[in-house]
Amino acid sequence: MSISRFTGGRAARLALVAAAALTPLLWTPPAAAAPSGPSAPGGSYVLTVQPELGSSPVRTVTLTCGPDGGTHAYAAAACDQLRRAAGRVERIPEDPGMCTREYAPVRVTATGVWNGRHRHFTQTYSNRCTAVRATGGALFAF
């Protein structure tokens with residue numbers, strides 16, 4: 001009987017020590033909301049690539065920035081480009097590189113909101129590769 005008391009007392013002390021050690025980890029004050037401002041610009045867009053000729057399907061994705069996501073395959077890269085361009089697609093620098101000279105025109109459209117301001121961009125390019133390169137390489141790469 002004395003063995004069970006000793007073991008029980010030891011287990012109780014061990015439980016108390018463990019509870020005291022874990023209390024700071026389990027109880028933390030609620031985190032403050034992340035500040036929004038110039039350091040963390042954000043927005044959301046609907047991006048479309050529409051072939052002008054033929055029967056190719058229209059491709060449309062959503063893109064959200066801050067946090068980066070949506071249905072865009074390369075959301076983080078596309079959001080980084082938009083952040084550097086203050087949410088203006090026309091300010092994204094061209095991604096240099098080669099494209100074929102095939103004529104298969106596409107119209108790209110970006111419509112959305114960046115830091116509370118409405119943004120709209122539409123442009124027609126001679127082919128999809130040219131459209132992707134002209135808009136930085138990631139934004140319309142879906």
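1. A disulfide is taken here as a pair of cysteine sulfur atoms within 2.5 Å. By this rule the count in this predicted model comes to 2 disulfides. With the bonded cysteines numbered in sequence order, the pairing is 1-2, 3-4. The link of Cys99 and Cys129 has a torsion of -75° about the S-S bond and is left-handed. Cys99 belongs to the loop between H2 and S4 and Cys129 to helix H3; the pair thus links distant parts of the chain, 30 residues apart. The sulfur atoms of Cys99 and Cys129 are 1.9 Å apart.

2. On burial at this link, Cys99 has a relative accessible area of 27% and is partly exposed. Its partner Cys129, at 30% relative accessibility, likewise counts as partly exposed. Both assignments rest on the range between 20% and 50%, since buried means under 20% and exposed over 50%.

3. The other disulfide is formed by Cys65 and Cys79, with their sulfur atoms 2.0 Å apart. The torsion about its S-S bond is about -85°, so this disulfide is left-handed. Because Cys65 lies in strand S2 and Cys79 in helix H2, the pair ties together parts that are 14 residues apart in sequence. Cys65 is buried, with a relative accessible area of 4%, and Cys79 is buried as well, with a value of 0%. The C-alpha atom of Cys65 is also separated by 7.8 Å from that of Ala76, a residue 11 places away along the chain.

4. Turning to the overall architecture, the protein has 3 helices and 5 strands. From the N terminus on, these elements run α-β-β-β-α-β-β-α. The protein has 142 residues, of which 29% count as buried. The exposed surface is about 9500 Å², and carbon and sulfur atoms supply 61% of it. Among contacts between residues at least 6 apart in sequence, 54% join residues at least 24 apart.

5. The 5 strands form an open sheet in the order S3-S2-S1-S4-S5, with antiparallel pairing. Its edges are strand S3 (69-70) and strand S5 (117-125), each of which pairs on one side only. Helix H2 (residues 75-84) packs on this sheet and touches S1, S2, S3 and strand S4 (106-114). The direction of helix H2 makes about 65° with that of S2. Helix H2 and strand S2 are also the two elements tied by the disulfide of Cys65 and Cys79.

6. Within the sheet, strand S1 (residues 43-51) and strand S2 (residues 59-65) run antiparallel and are joined by 7 bridges. In this pairing, Thr48 stands opposite Thr60 in S2. In general, strands of a sheet pair through backbone hydrogen bonds, either parallel or antiparallel.

7. Three places deserve a check of backbone geometry. Most residues other than glycine have a negative phi, and most peptide bonds are trans. Gly66 and Pro67, however, are joined by a cis peptide bond, with omega about 5°. Pro67 is placed in the loop between S2 and S3.

8. The remaining two places concern positive phi values in residues other than glycine. Ala86 has a phi near 55° and lies in the loop between H2 and S4. With a relative accessible area of 35%, Ala86 is partly exposed. Asn115 has a positive phi of about 50° and is found in the loop between S4 and S5. Its relative accessible area is 46%, so Asn115 is partly exposed.

9. Where does Thr135 lie? Thr135 is found in the segment after helix H3 (128-134). At 1% relative accessibility, Thr135 counts as buried. The side chain of Thr135 reaches back to the backbone oxygen of Ala131 at 2.8 Å. Leaving aside residues up to four places away in sequence, Thr135 touches Gln81, Val89, Ile92, Pro93, Phe121, Tyr125 and Phe140.

How values were computed: Residues are numbered from 1 along each chain as its sequence is written. This is a predicted model: local features need pLDDT of at least 70, side-chain atom pairs count only at pLDDT 80 or more; totals for chains, interfaces and linings use all residues. Side-chain values use heavy atoms; hydrogens and water are left out. Helices (H or I, at least four residues) and strands (E, at least two) are DSSP runs, numbered from the N terminus. Buried means under 20% relative accessible area, exposed over 50%, partly exposed in between (1.4 Å probe, protein chains only). A polar contact is a pair of N or O atoms within 3.5 Å; within protein, one must be able to donate a hydrogen and the other to accept it, and residues adjacent in sequence count only if both atoms are side-chain atoms. Contact means heavy atoms within 4.5 Å. Two strands pair if DSSP finds at least two bridges between them. Axes are lines fitted to C-alpha atoms, for helices over the stretch in contact, and angles run from 0 to 180 degrees between N-to-C directions. Accessible areas come from the Shrake-Rupley method with a 1.4 Å probe; for residues, only the protein chains shown count as cover.
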